[in-house]
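Thanks, everyone, for making the time this morning. I would like to take you through one model, and I will put the sequence and the structure up now.

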Amino acid sequence: MLFLAPSLALLGLFTFWPLVRTFDLSLYGSDIIGRPTLFVGTRQYGQLLASPTLRDTLIATVLFAGMTVIPSLVLGLVLALLLQARIAAIRVFRTLMATPFAFSVATAAVIFAIFYNPGVGVFNGFLQLLHLRPVGWLTNPSAALPSVAIASVWLQLGYNVLVLSAGLQAIPAIYEAARLDGARVLAMIRHVTLPLLTPSLFFLLVVTTIVSLQSFGQIHILTRGGPANSTTTLVYAIYYNSFAFGNSNFGLSSAMAAVLFAIVVAITAAQFGLLERRVFYR
Amino acid sequence: VSRSIGRGLSYLVLAAVTFVLLFPLLYAISGSLMRPGTEQVPAGAASL
């Protein structure tokens, strides 16, 4: 216990205390500069649930998570499988493909902001080459959320490739036995690789879901929650109510943070409850 | 011969995928080498 004390103290101070304080703040109203003033109980939760914008915010949050998690897992798996090729320079390719992991969210978001520029951006340049109409990637409400998700997928891909490559390396050499049994490449991927890779896939599913639900930097830099609130996820709504335009509504934001915490816990618990039994731990 | 072709194809596919994946990085590096104010902005660039 004595040896655990420093870690417990740090965890308590920087993780558990802010969590407790968030729940505490959600029970208080705030004055104009954000100080907790009047105890309002669960009234802010009621206000939040009655808010017409909460539904849109939750839909944007779930859509964004879906558009980030599934493509980053599928593409990560495809790239990790490609990296199993037995060629001389494979280590160079492995290193290069993991590079996006080293990017900060801010840097990646700025680069993608340039790509999405309606006039001089790369994406509209490609569309122009194909004689297609330019797209308002970040200005069209129906295109903005997928555009931000593309930047997030790119950021997440390096980490997924790294973890799945490590998972593939750890698979025992039973390919030879499968090959002798007459299994083809696709059959081997389906019946040998994927079942043995489920621990890595499950880990990535849980982690990328949590990361996508907590995404903030790319939304703030690319769209600031717009256009027409189409990219306002729950995390961005928390920021908006607390800090944007001097809103200082820390009580309502804390209630939102508590709701986000409950959603993250519920989704993670559901993933463990529904999918963990299908994970093949060796 | 077929093994050499397969290896060559593997290199080709991996190089193409790596190029696409690292395109944002390459674009950022090439952009950092440009002198400001020398880009050719197409007419009507800000109209969208």
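I will begin with the interface between the chains and then turn to the nonpolar cores.

Please keep in mind throughout that this is a predicted model. On the chain B side, 19 residues are in contact with 29 residues of chain A, and the two chains bury about 2000 Å² between them, with 85% of that area on carbon and sulfur atoms. The side of chain B that touches chain A divides, by residue, into 16 nonpolar, 2 polar and 1 charged. As for polar interactions, the rule finds 0 salt bridges across this interface, while the count of residue pairs in polar contact, both partners at pLDDT 80 or more, is 3.

Now to the interior: which residues touch the most other members of the largest nonpolar core? In this core of 32 residues they are Leu83(A), Met97(A), Phe112(A), Leu222(A) and, from the other chain, Leu14(B). At least two residues each come from α3, α4, α5, α6, α7 and α10 of chain A, and likewise from α1 of chain B, which spans 2-32. The element that gives the most to this core is α7(A), with 8 residues.

Met97(A) is worth a moment on the screen, since we can follow its contacts into both chains. Leaving aside neighbours within four places in sequence, Met97(A) is in contact with Leu79(A), Leu83(A), Gly158(A) and Val161(A), and also with Leu14(B), Val17(B), Thr18(B) and Leu21(B).

Apart from the largest core lies another, of 16 residues, and among them are Val69(A), Leu77(A), Ala178(A) and Leu196(A).

Conventions: Residues are numbered from 1 along each chain as its sequence is written. Chains are lettered from A and ligands numbered from 1 in the order in which they are written. This is a predicted model: local features need pLDDT of at least 70, side-chain atom pairs count only at pLDDT 80 or more; totals for chains, interfaces and linings use all residues. Side-chain values use heavy atoms; hydrogens and water are left out. Contact means heavy atoms within 4.5 Å. Buried area is the accessible area (1.4 Å probe) that two parts lose on being put together, summed over both. A salt bridge is a side-chain nitrogen of Lys or Arg within 4 Å of a carboxyl oxygen of Asp or Glu. A polar contact is a pair of N or O atoms within 3.5 Å; within protein, one must be able to donate a hydrogen and the other to accept it, and residues adjacent in sequence count only if both atoms are side-chain atoms. Ala, Val, Leu, Ile, Met, Phe, Trp, Tyr, Cys and Pro count as nonpolar, Asp, Glu, Lys and Arg as charged, and the others, Gly among them, as polar. A nonpolar core is a set of buried Ala, Val, Leu, Ile, Met, Phe, Trp, Tyr and Cys residues joined through side-chain atoms within 4.5 Å. Buried means under 20% relative accessible area, exposed over 50%, partly exposed in between (1.4 Å probe, protein chains only). Helices (H or I, at least four residues) and strands (E, at least two) are DSSP runs, numbered from the N terminus.
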